[in-house]
Amino acid sequence: MAYEAVWMKDPSKLNKFEFVKMEKDGLDVIRTIIEEYAHKGYDAIDENDMNRFKWAGVYEQKPRDGHFMMRIRINSGIMNAAQARAIASIGRDYGRGLIDVTTRQAIQYHWLRVENLPDIFKRLEEVGLYSYEACGDCPRTIVGNPLAGIDPDELMDTRPIVEEVNDFFLMNRDFSNLPRKYKMSISASIWNNAHAEINDLSFTPAVKVIDGQEVLGFHAWVGGGLSAKPHLAKELDMFVRPEEVLKVAIGVTTIFRDYGYREKRHQARLKFLVADWGPEKFKEKLIELIGDMPSAGESKTAGWKAAYFDGVHPQSGEGKSFVGLNVPVGRTSSDELEQLADLADQYGDGHVRTTMSQNIILAGIPNEKVDELLQMPIFERLTPNPKPFMSRTVSCTGNEFCNLAVVETKERARRVAEYLDENIEIDEKIRIHMIGCPNACGQKHIADIGLQGALVKTPDGMVDAFDIAVGGILGPGATFNTPLKGRVKGDEVAGVVAQLVLFYKERRQAGESFHAFVNRVGVPAFQEKLTEILTAVAS
């Protein structure tokens, strides 16, 4: 350990898990898994080590019967075809062929056994992939622009920067014991394709005139995050050259490690430190660590398209296109991923790209080959032309596999989208996010309509229900959606959401987005409408 654990000077102010991490670094559990638990089996796993499994990218799966979930780090969501095939093969061998695309561009497995993990680690490493630190109190998967390198709307190709930052932090024991999870976002897209405002540390495109020359670079943001107490990241008055991104990332992460809160785990994210210090004090401390930096330049973020790319689009360079495919609620399979890898090699640039909207992109396709590509049977389900509601529906894992979720989400979200597409015709695509618990892995807060699972007491016992929030958006003018009062039973969600959508459809102005409509009519108008709907349902 090359740093001083300054937080241990007053152990009375630490939560109990801090002592678990000091007793044995989370990264050490990887060797324990390989050398011990893979041979002795599930019943031999120590309780504290089970918590440390997160540093291996592994969580115990519901109902805690010996199966595990694993996340695979995919930097900026970009993997080559060989990596995609390896992921598909592992999923087929050990994960019942189930592949989930997450809202952080990662790939997620289920149904794994501890006996399988060493072989999975080995097969991933053979193609340059890792599950290590995809979970845990450490720097996690770095999200970025999935179109990096081919994006007509990016200031620069950020792939080398993301790789540099990832390579520095991955398995780095100087930063493997942070107060809580730590998420970074690096993108030069003017459309905020990496959701800057909801990450602990983000870099967004900017320019600044320095010594008479316009320099391309970034602005830095700190302290974003969701969960039960969501915070939008704060912009620092700082311009960051591309070659200085790593230096800034090291400085911010050091501040979090040494000054972040470790007393209560639910208040240990960087967002709480930033909220208490404010961006000015945070910048002062950062400058102490990394030296002077230029003041902020001109932001080049033009808006937010929520990381949706469905359809065929021209990419940078001549004569080639990328195709954005809809993966319904982010769930695909080993067979489908393998087919996409083959098509990426046959028709495209040999890469498969995942997005923060849980979808997939194939790129580098010669324009004259696009029509031929789209005739492939796989695109009947993973279509580039999805129906409006299915195209914009996001869901977390839900209680099918997650120990924290209180309701099922994946299948329900799919059914809700299907119902809306069958019953409502509308030319505006409304973003609907469904989550099974307050942790908000499905990013409910940034949706047009966010649905958060809960339970409600009925004469027949406790049943699934959802709280509804409206009006979320990122980019300039970013704001989280506002919760409405009135819990909706799970079986009634589709109908209730349909009526809220019709309320928008019937009263919107020409070309008015759902978010703009919420701003114009006000949340109280939605509250009144929801109360009216629920009263009618109950009568």
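# Notebook: salt bridges, helix H12 and surface patches

I began with Glu-126, which I noted as exposed because its relative accessible area is 55%, and the cut-off for exposed is over 50%. I keep in mind throughout that this is a predicted model.

**Entry on helix H5.** I looked for a partner of Glu-126 and found that its side chain meets that of Lys-122 in a salt bridge, at 2.8 Å from N to O. Both residues lie in helix H5, which covers residues 117–126, and they stand four residues apart, about one turn of the helix. For Lys-122 I wrote down partly exposed, since its relative accessibility is 49%, and exposed would call for over 50%. As a general point, side chains of opposite charge can pair when their charged atoms come close.

**Entry on helix H3.** I then turned to Arg-52 and Asp-49, whose side chains meet in a salt bridge with 2.6 Å from N to O. These two residues are separated by about one helical turn, because they are three residues apart in helix H3 (residues 47–52). Are Arg-52 and Asp-49 buried or exposed? I found that Arg-52 is buried, and that Asp-49 is buried as well.

**Entry on helix H12.** I checked the length of H12, residues 410–423, against what a helix of 14 residues should span: at 1.5 Å a residue I expected 20 Å, and the end C-alpha atoms are indeed 20 Å apart, so the two agree. Within this helix I listed Lys-410, Arg-412, Ala-413, Val-416, Ala-417, Leu-420 and Asp-421 as buried. One of them, Val-416, has a relative accessible area of 5% and is therefore counted as buried, the cut-off being under 20%. I also followed Val-416 to Val-245, which is 171 residues away along the chain, and noted that their C-alpha atoms are separated by 42 Å.

Which residue forms a salt bridge with Arg-414? The partner is Glu-411, and the closest N and O atoms of the pair are 2.5 Å apart. Both residues belong to helix H12, where they are three residues apart, about one turn of the helix. I recorded Arg-414 as partly exposed, with a relative accessible area of 25%, and Glu-411 as partly exposed too, with 32%.

**Entry on the wider set of salt bridges.** I counted 44 salt bridges in the model. Among the residues involved, Glu-18, Lys-21, Asp-137, Arg-262 and Arg-265 are linked in a network of such bridges.

**Entry on the surface patches.** I looked next for charge on the surface and found a negative patch formed by Glu-235, Asp-237, Glu-280 and Glu-284. Where does this negative patch draw its residues from? Strand E10 (234–240) and helix H8 (270–290) each supply at least two of them. Glu-284, which lies in helix H8, is exposed, with a relative accessible area of 53%.

I closed with a nonpolar surface patch made of Val-406, Leu-455 and Met-462, which together have about 250 Å² of accessible area. Val-406 sits in the loop between strand E17 (393–395) and H12, and I noted it as partly exposed because its relative accessibility is 35%.

Key: Residues are numbered from 1 along each chain as its sequence is written. This is a predicted model: local features need pLDDT of at least 70, side-chain atom pairs count only at pLDDT 80 or more; totals for chains, interfaces and linings use all residues. Side-chain values use heavy atoms; hydrogens and water are left out. The expected span of a helix is 1.5 Å times one less than its number of residues. Buried means under 20% relative accessible area, exposed over 50%, partly exposed in between (1.4 Å probe, protein chains only). Patches are made of residues with over 30% relative accessible area and no salt bridge: like charges are joined within 9 Å, nonpolar side chains (Val, Leu, Ile, Met, Phe, Trp, Tyr) within 5 Å. Accessible areas come from the Shrake-Rupley method with a 1.4 Å probe; for residues, only the protein chains shown count as cover. A salt bridge is a side-chain nitrogen of Lys or Arg within 4 Å of a carboxyl oxygen of Asp or Glu. Lys and Arg count as positive and Asp and Glu as negative; His and the chain ends are not counted. The place of a charge is taken as NZ of Lys, CZ of Arg, CG of Asp or CD of Glu.
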